[in-house]
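Here's a quick look at where the nonpolar side chains sit in this one. Have the model open as you read.

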Amino acid sequence: LLLAGMFSASAQYQRRVLVEEFTNASCPPCAGQNPGFNAILHDNLSKITPIKYQTNWPGYDPMNVQNAAHVATRVAYYGVTGVPNGFTDGVGITNDCNYYDNAPACLDASDIDALYTVTSPVNIVLTHSITADNDSILIDVTVTSDVAISGTIKLHVAVIEEEINFDAAPGTNGEMVFEQVMRRM
């Protein structure tokens with residue numbers, strides 16, 4: 001379970017950096033970039049909230065089949081037209097590694113460190129429990145602030161699966177392990 005909040009106002013609470021990636025189990029460039037990208041994510045888990053959206057292109061992806069509508073909403077929100085594609089705190093990853101705009105391969109620890117210094121005017125506390133029959137997750141979110149916040153404010157709660165392992169690659173790019181996959185939003 002992961003929750004990310006983004007606001008722009010005077011800040012006072014430590015927050016986590018939201019790292020989002022659009023990827024696909026049949027995307028060769030995804031398989032090429034994901035090992036390095038995942039290593040950066042693993043090394044910075046105390047500072048980030050990673051969410052990966054498995055798209056329905058360029059080929060088959062069983063995780064998208066299970067959650068196509070929620071992924072499509074995020075694809076439309078960001079205007080994503082190709083994968084892999086990455087964002088930090090809602091902004092495309094800077095092409096500072098001579099790759100392409102929003103390339104996950106360009107994210108590095110210094111980018112995360114710089115974003116982590118930005119604080120938030122809100123404090124978010126999330127708790128969850130799973131029902132006895134394991135068919136539902138109950139989530140309680142409390143958001144507080146010491147300052148008045150105005151404007152259009154949205155809270156997204158994402159349920160992610162930390163790791164999905166396949167015995168054989170489910171798509172055509174050879175990947176068999178998928179991490180931080182968004183299952184519901």
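Which residues have the most contacts inside the largest nonpolar core? They are F22, I51, Y53, V80 and M182, in a core of 15 residues. A nonpolar core here is a set of buried Ala, Val, Leu, Ile, Met, Phe, Trp, Tyr and Cys residues joined through side-chain atoms within 4.5 Å. Buried means under 20% relative accessible area, exposed over 50%, and partly exposed in between (1.4 Å probe, protein chains only).

This is a predicted model, so to speak of local features takes pLDDT of at least 70, and side-chain atom pairs count only at pLDDT 80 or more, while totals for chains, interfaces and linings use all residues. Residues are numbered from 1 along each chain as its sequence is written, and side-chain values use heavy atoms, leaving out hydrogens and water.

These elements each supply at least two residues of that core; they are DSSP runs numbered from the N terminus (helices H or I, at least four residues; strands E, at least two):

| Element | Residues |
|---|---|
| β2 | 17-23 |
| β3 | 48-54 |
| α3 | 68-78 |
| β8 | 156-165 |

The largest share, three residues, comes from α3. Another core lies apart from this one, with 11 residues including F37, I40, I48 and C106.

Back in the first core, V80 touches F22, W57, V75, N85 and F87 (heavy atoms within 4.5 Å, skipping residues up to four places away in sequence).

K52 sits in strand β3 and counts as buried, at 4% relative accessibility. Among the residues K52 touches are E21, F37, E179 and M182.

I137, in strand β7 (residues 137-145), is partly exposed at 36% relative accessible area.
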